[in-house]
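Q: Could you pull up the model so that we can go through it together? I'd like to start with the strand pairing and then move on to the contacts between chains.

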Amino acid sequence: MTEPVLSVRGLTTSFRADAFSPWSTVVRDLSFDIGAGETLAIVGESGSGKSVTSLSVMRLLAERTSRIEGSAKLEGSELLALPEAKMRKVRGSAISMIFQEPMTSLNPMMTIGSQVAEVMRCHLGLSAAEAKAEAIRLFEKVRIPNAKDRYDTHPHKLSGGQRQRVMIAMALAARPKLLIADEPTTALDVTIQGQILDLIKDLQVETGMAVLFITHDMGVVAEVSDRTLVMLRGDKVEEGSTADIFARGKHPYTRALLSAVPRLGSMAGRLNPATFGLIDMTTGEATPERALPAAADAPPVLEVKNLCTRFEVRGGLFARVTGAVHAVEDVSFDLRPGETLSLVGESGCGKSTTGRSILRLTHPRAGDIRVDGAAMHALDGKALREARRAIQMVFQDPFASLNPRVSVGTAIAEPFIEQGLGTQAEAREKAGQLLERVGLSAKVMNRLPHEFSGGQRQRICIARALMLDPKIIVADESVSALDVSIKAQVCNLLMDLQESLGLSYLFISHDMAVVERVSHRVAVMYMGEIVEIGPRPAIFERPQHAYTQKLIAAVPVPDPARRVLRRKQDIEEIKSPFRPKDFQPPKREWREVGAGHFVQT
Amino acid sequence: MVAYVLRRIGSTILVMVLVSLLVFLLLRLAPGDPAAVLAGDNASAEQIATLRRLLGLDDPLPVQFLSWLWAVAQGNLGASLYSAEPVTLLMSQRAEATLSLALATLTVAVPLAIVMGVTAAHRAGTGTDRVLMLFAVAGFSLPAFVVGYLLVYLLAIQAGVLPVQGYQPIAEGIGGWAAHLVLPAITLGLIYTALIARITRATMLETLSEDFIRTARAKGLPMRRVLLVHALRNAGVPIVTVIGIGVALLIGGVVVTETVFNIPGVGRLVVDAIARRDYPVIQGVILVCSGIYVLLNLLTDLSYTLIDPRIRY
Amino acid sequence: MTLTASAPDAPSPAPATSALSQAWLFTRRHPTLVTGGAIISLMALAALAAPLFAGDPSTMNPAVRLRPPSAQAWLGTDHLGRDVFARVIYGARVSLMVGLLVALVAIGVGTVVGLVAGYFRMADAIVTRLMDGIMAIPAILLAIAMVALMGASVWILILAIVLPEIPRVVRLVRSVVLSVRDAPYVEAARAGGTRLRVILSRHILPSTVAPLIVQATYICAAAIIVESALSFLGAGVSPETPTWGSMIAQSRSHLARAPWTVFAPGFALALVVLSVNLLGDGLRDYLDPRTTRRA
């Protein structure tokens with residue numbers, strides 16, 4: 001066998017807070033090889049040490065607070081022993097890297113052209129003119145439209161997908177032998193994600209470089225990697241060919257991870273939502289999935305009619321209104337008791353603004369909102385506060401949604417006391433019951449949020465939302481920030497609560513596979529409008545609108561056997577719903593294609 | 001862009017009017033009758049009344065304010081009660097000394113402070129960083145009249161290498177002019193350098209932890225380039241801001257430094273005027289100093305657009 | 001949302017062996033905080049206990065004018081034969097009192113104004129302009145003008161020093177309020193029907209405490225400098241009260257012959273301001289470790 005491009009043996013990385021603190025190990029005795037032209041995926045949840053592994057190989061960790069032991073050889077030569085000056089010559093030339101956050105990974109003050117050109121000037125010794133010509137050629141290669149004109153553009157003028165293309169051009173500039181891609185598509189919308197994955201594959205075939213792909217997303221793993229390495233809390237738990245891992249994963253953690261991954265299409269032919277079947281990650285014990293009942297055939301608890309929310313954009317000498325972002329445009333739907341309606345779409349489509357407008361956290365410009373009969377849109381002050389008892393919200397970021405200085409018991413009890421529903425003692429008793437109900441212990445009431453994990457915090461947020469006995473919960477990307485295994489558990493909790501309490505959910509999400517599991521009905525949003533709405537089986541099995549079809553096709557399938565380079569589609573970005581001041585929204589027509597299934601024409 | 005500049009100029013004028021109002025009210029609302037103070041201890045009630053009328057002190061306050069503002073807008077800051085000379089003339093006579101001191105300080109302090117701040121941030125946590133930051137916190141803590149006398153005692157009185165006090169106009173020879181400026185400029189520059197160095201370090205540290213710095217390092221760029229091209233420019237806006245805001249410290253420092261070194265500048269003018277209760281001079285100097293401060297901060301605000309391509313209002 | 005691995009949140013602290021070794025570890029971790037705090041505590045103690053040990057600061061004795069430091073007068077005597085040591089210790093009283101009061105008043109007033117400006121958009125424009133106006137007037141000029149015109153009582157002095165410091169507090173509080181006003185946990189409180197009073201007091205105000213403590217020390221240090229500068233320029237409290245600034249002003253003509261008369265109060269002043277600033281830097285690093293450590 002030929003020598004691997006990168007050979008890592010016994011890699012152990014530790015951190016400490018300062019010179020007086022003890023070391024804590026975050027990657028333990030890790031070994032792996034990557035050959036030329038090969039893609040190895042390191043997959044794991046947060047805290048698994050997968051990103052630290054790549055930063056250790058690149059030696060990009062802060063020297064004073066980190067310690068790297070073991071060996072990492074690039075084509076036989078030891079990287080961990082190189083003096084910093086020589087290591088610098090390896091970075092960006094023999095090994096290059098792309099990162100997760102395209103929005104913050106480019107220098108906002110420099111043109112994208114100069115940021116690519118400086119790599120070649122630094123490593124290949126090209127002149128300014130040569131580097132510029134080469135950079136433009138690279139931009140064309142990564143399919144940035146109008147590459148020549150874009151050379152002098154600053155990053156803030158580009159979309160996330162475009163920026164990630166610039167990052168890739170930069171990484172390829174000095175023709176690396178190894179590309180490390182650290183969650184390169186996690187921050188991107190699903191349709192853009194497909195394009196970027198395709199691009200990396202194409203370039204790998206063309207250049208023969210090795211790729212180390214770091215991700216938490218099993219769908220992406222199945223799509224890109226030849227071999228897969230699974231990490232759990234700093235340890236390698238399993239390594240093998242991707243097909244093997246998916247078909248015959250041995251370690252309970254691998255199987256738990258795979259079972260928790262929502263698979264698009266797994267709900268085909270079923271009418272109602274179903275919980276995730278789970279496998280315990282230490283014992284390997286399986287809990288089967290369970291189907292939920294249909295929504296009650298009763299009058300709706302939430303009626304939204306012709307909702308419009310716009311954000312004014314000001315400009316000019318006297319800061320006049322020059323236009324508006326039409327975040328939500330003429331949106332109407334109903335939600336019945338015990339029903340889950342999902343709002344899906346990509347970033348900027350207005351799904352979150354819709355949820356916030358219904359709770360009046362954002363002021364809608366027009367429209368009727370009736371929550372349990374109360375005209376939410378016409379209320380103010382005390383009446384609005386009281387009306388919100390029937391509709392509560394669970395936010396996306398479990399770390400930001402709890403005040404770090406307030407104990408969880410106080411946080412959960414707060415709405416109950418503030419609404420004057422009972423005494424302090426009653427509030428605490430109820431908070432304790434709810435904590436038990438969401439799978440925590442009533443004893444944790446006096447703890448502060450930082451003592452809980454992300455999944456536990458989200459459970460606390462759910463308990464807080466339940467404190468007022470609401471009929472509706474708006475779940476705004478409530479499981480998106482959670483690790484795969486936690487995500488499935490929290491989804492199951494939400495579904496259990498729905499069944500026992502008869503809750504209705506407005507489930508806002510960009511994750512099509514999760515939506516397919518949890519919803520009774522689905523509304524697809526694009527540029528502030530609902531383009532298609534209907535029962536879940538109809539939307540997923542017979543999508544009518546072109547955008548819905550595209551959205552479903554773009555979702556990576558966590559099954560390496562079904563891998564296809566099927567997205568050779570045009571480079572397209574999501575458009576902005578900014579409109580000039582005198583813009584008249586066109587009148588939309590709807591066509592009913594099936595029972596309760598409407599498509600915008 | 002043009003709209004932004006015009007808007008900023010508009011709000012600058014608004015702030016200046018507000019400053020004028022504050023300065024005006026400060027002097028008018030002070031206890032005691034200004035006319036009585038002006039007329040002196042031996043003046044008769046009739047003399048004071050005449051003076052009140054002459055000064056327009058019998059008019060309602062808004063009228064007094066507007067007529068004063070109108071005069072100021074035409075460049076008339078009134079005349080000294082002590083020497084009867086126009087305030088603008090008194091100030092222009094003393095401008096050279098003060099401007100020499102301020103500019104000498106600025107040209108040395110700003111580059112020095114930025115080098116110190118960048119070095120400390122790059123070497124954060126090391127001995128170099130600690131020494132630089134100890135120097136900065138000391139510079140921040142030593143009042144001008146302590147440092148000034150220490151320098152005078154050591155370098156002028158004991159070593160005798162520099163003049164003890166006073167100012168020599170540039171027209172009388174550049175060597176003497178510079179020799180007289182060395183100690184005052186060090187005295188004045190210490191706190192300003194310390195302030196900018198501290199902010200530069202803090203902003204650079206923050207910038208150095210940004211994702212794009214990790215990108216630049218992953219590209220294998222030399223550290224010098226990472227620091228000076230990638231990080232420093234991104235840290236530019238806060239640094240430029242503190243250079244502008246620090247001018248207020250500089251103006252306050254000028255007053256003390258000129259007293260310590262007996263330099264006949266605008267700072268001495270105002271200290272003497274306060275001792276003599278020479279209201280028009282006090283008013284005029286405060287107003288002009290505030291104007292310079294506001295103008296410099298307008299310039300720093302406008303320079304943001306040159307530093308940061310994202311700012312296009 | 002990020003899902004990348006990162007350094008563990010908080011490494012487990014070293015096992016506690018004894019209170020003393022814990023204190024020693026704390027000192028090694030936060031040397032500036034401990035040093036600054038220790039010096040300033042000693043100075044405050046000395047100032048409070050001045051009558052018990054410092055001797056008489058005002059007795060003049062022309063027979064012993066401008067004597068260098070000796071066993072009788074530890075820091076020598078001034079041009080009127082007064083004991084410089086006693087005057088330096090008594091001078092600490094004015095400096096520390098002014099520093100403390102200015103910091104308290106500035107924080108108190110600035111917090112209320114900043115809270116209003118940060119939370120209510122209507123008030124924001126007016127408050128911001130007003131603060132810009134106050135900041136535009138050089139602090140020392142404003143203060144000497146106020147003291148000269150309104151008289152040199154301690155309260156006028158404190159008012160004159162406080163006024164230019166208030167905008168710093170307002171800006172700080174306002175920026176903290178703006179950064180947490182739309183935080184998801186504040187939105188969650190609003191969605192749950194929490195009243196404005198509770199949102200402000202429970203969810204917003206506590207975030208301002210740590211930066212305000214730090215800011216208070218910086219204001220205290222600045223106030224001590226401005227007070228001494230004012231008395232140096234002859235615009236401070238009455239000349240009979242010993243203050244460091246007026247001691248330097250009265251002694252400066254004797255600099256060449258009796259440098260101790262200038263440098264004793266000068267070094268005392270520098271030491272106090274330095275230790276307050278060190279305390280502030282130490283508190284800043286202790287309360288917000290992000291500014292000094294990076295992963």
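**Pairing, packing and interfaces**

Q: In S9(A), which residue is the bridge partner of A:Leu40?
A: The bridge partner of A:Leu40 in S9(A) is A:Arg227. Before going on, note that this is a predicted model, where local features need pLDDT of at least 70 and side-chain atom pairs count only at pLDDT 80 or more, while totals for chains, interfaces and linings use all residues. Residues are numbered from 1 along each chain as its sequence is written, with chains lettered from A and ligands numbered from 1 in the order in which they are written.

Q: How many bridges join S3 to S9 in chain A, and which way do the strands run?
A: There are 4 bridges between strand S3 (residues 39-43) and strand S9 (residues 227-232) of chain A, and the two strands run parallel. Strands here are DSSP runs of E with at least two residues, helices are runs of H or I with at least four, and both are numbered from the N terminus; two strands pair if DSSP finds at least two bridges between them.

Q: OK, and what is the strand order of the open sheet?
A: In chain A, 6 strands form that open sheet in the order S6-S7-S8-S3-S9-S10, with mixed pairing. At its edges lie strand S6 (95-98) and strand S10 (235-241) of chain A, each of which pairs on one side only. From one strand to the next, the twist averages 15 degrees, where axes are lines fitted to C-alpha atoms (for helices over the stretch in contact) and angles run from 0 to 180 degrees between N-to-C directions.

Q: S6(A) next: are its faces covered or open?
A: Both faces of S6(A) are covered, since A:Ile95 and A:Met97 on one side and A:Ser96 and A:Ile98 on the other are all buried. Buried means that 20 or more other C-beta atoms, placed from the backbone, lie within 10 Å of a residue's own, while 12 or fewer make it exposed and anything in between partly exposed. S6(A) pairs with S7(A) in the parallel sense over 4 bridges, and within S7(A) the bridge partner of A:Met97 is A:Ile180.

Q: Which helix lies across S6 and S7 there?
A: Helix H6 (residues 160-172) of chain A lies across S6 and strand S7 (178-182) of chain A, and runs at about 175 degrees to S6(A). Contact, here and below, means C-beta atoms within 7 Å, placed from the backbone.

Q: Different topic: where is A:Arg233 found, and what is its phi?
A: A:Arg233 is in the loop between S9 and S10 of chain A, and has a positive phi of about 45 degrees although it is not a glycine. Most residues other than glycine have a negative phi. A:Arg233 counts as partly exposed because it has 17 C-beta neighbours inside 10 Å.

Q: And A:Asp372, where is that one found?
A: A:Asp372 is found in the loop between strand S16 (366-371) and strand S17 (374-375) of chain A. A:Asp372 has a positive phi too, of about 50 degrees, and is not a glycine; with 19 other C-beta atoms within 10 Å, A:Asp372 is partly exposed.

Q: What about A:Ala72, buried or exposed?
A: A:Ala72, placed in strand S4 (residues 66-74) of chain A, is buried, because 23 other C-beta atoms lie within 10 Å. Leaving aside residues up to four places away in sequence, A:Ala72 touches A:Leu6, A:Val8, A:Leu11, A:Val57, A:Leu79 and A:Leu80.

Q: Now the interfaces. How many residues of chain A are in contact with chain C?
A: On chain A, 47 residues are in contact with 31 residues of chain C. Strand S2 (24-34), helix H1 (50-58), strand S18 (391-394) and helix H13 (408-418) of chain A each supply at least two residues of that side of chain A. By class, the side has 17 nonpolar, 17 polar and 13 charged residues, where Ala, Val, Leu, Ile, Met, Phe, Trp, Tyr, Cys and Pro count as nonpolar, Asp, Glu, Lys and Arg as charged, and the others, Gly among them, as polar.

Q: And what are the classes on the side of chain B that touches chain C?
A: That side of chain B divides into 35 nonpolar, 5 polar and no charged residues. In total, 40 residues of chain B are in contact with 41 residues of chain C, and H1(B) gives the most to the chain B side, with 7 residues.

Terms used
Contact = placed C-beta atoms within 7 Å.
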